[in-house]
Amino acid sequence: MDFEEKVNFLRSLPKFRVVPISEIKAIAYAAKEKDKVELGDFLIGRTNSLSLTLNIEDIKRIVKVYPSLEPKLKI
């Protein structure tokens, strides 16, 4: 999944529909594609074969710049 596909995927998720595009892009940039969610990963969304995840450090960095995302990322 390339960057634009991640952005479009995140925009399609109900909890991110009203989030500004700059914040969506920050999440998309940090999100990693994984076959299997590991301990310590926060699942953002799941496609048919892959999961988009963030780790706690990614979340802390994003929330530092965009504090309004804290409830959406559930720190």
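## A walk from the sheet to the core

E33 stands opposite L52 in β3, and that pairing is a handy place to enter this predicted model. Three bridges join β1 to β3, and the two strands run antiparallel. Step back a little and you will see an open sheet of three strands, ordered β1-β3-β2, with antiparallel pairing. Its edge strands are β1 and β2, each of which pairs on one side only. Neighbouring strands in this sheet are turned against each other by 40° on average, with direction ignored.

Now cross to the other side of β3. Here β2 and β3 pair in the antiparallel sense, this time over five bridges, and F42 stands opposite L54 in β3. A hairpin through four residues joins β2 to β3. L50 lies in the loop between these two strands, and at 22% relative accessibility L50 counts as partly exposed, since the cut-off for buried is under 20%. Beyond its neighbours within four places in sequence, L50 is in contact with E33, K34, D35 and G45. If you would like a sense of scale, pick out P20: L50 and P20 are 30 residues apart in sequence and 24 Å apart in space, C-alpha to C-alpha.

Let us stay with β3 for one more residue. T53 is found in this strand, and T53 counts as buried because its relative accessibility is 0%. What surrounds T53? Leaving aside neighbours within four places in sequence, its contacts are A30, A31, K32, K34, V37, D41, F42, L43 and I44.

From here, turn to helix α3, which covers residues 56-65. At its start, a side-chain oxygen of N55 reaches to within 3.0 Å of the backbone nitrogen of E57. Which residues of α3 are buried? They are D58, I59, I62 and V63. Looking down the axis of α3, you find these buried residues within an arc of 125°, so they line one face of the helix. On the other side of α3, R61, K64 and V65 are exposed. The cover over the buried residues of α3 includes α2 (21-30), β1 (32-34), β2 (41-46), β3 (51-55) and α4 (70-73).

Helix α2 is worth a visit too. Its buried residues are E23, I24, I27, A28 and A30. Among the elements that cover them are α1 (3-12), the strands β1, β2 and β3, and the helices α3 and α4.

These pieces come together in the interior. In soluble globular proteins, nonpolar side chains tend to be buried together. Here the largest nonpolar core has 20 residues, of which L10, F16, I27, I44, L54, I62 and L73 touch the most other members. The elements that give two or more residues to this core are α1, α2, β2, β3 and α3. The largest share, four residues, comes from α2.

A good place to end the tour is L73, one of the core residues that touch the most other members. Setting aside neighbours within four places in sequence, L73 is in contact with F16, I27, F42, L54, I59, I62 and V63. Several of these names will be familiar by now: I59, I62 and V63 are among the buried residues of α3, I27 is one of the buried residues of α2, and F42 and L54 are the opposite pair from β2 and β3.

Notes. Residues numbered from 1 in each chain as written. Predicted model: local features only at pLDDT ≥ 70, side-chain atom pairs only at ≥ 80, totals over all residues. Heavy atoms only, no water. Buried < 20%, exposed > 50% of the residue type's maximum accessible area, 1.4 Å probe, protein only. Arc of directions from axis to C-beta. Contact = heavy atoms within 4.5 Å. Polar contact = N/O pair within 3.5 Å; in protein donor to acceptor, adjacent residues only side chain to side chain. Pairing = 2+ DSSP bridges. Core = buried A, V, L, I, M, F, W, Y, C linked by side-chain atoms within 4.5 Å. Axes fitted to C-alpha atoms, helices over the stretch in contact; angles between N-to-C directions.
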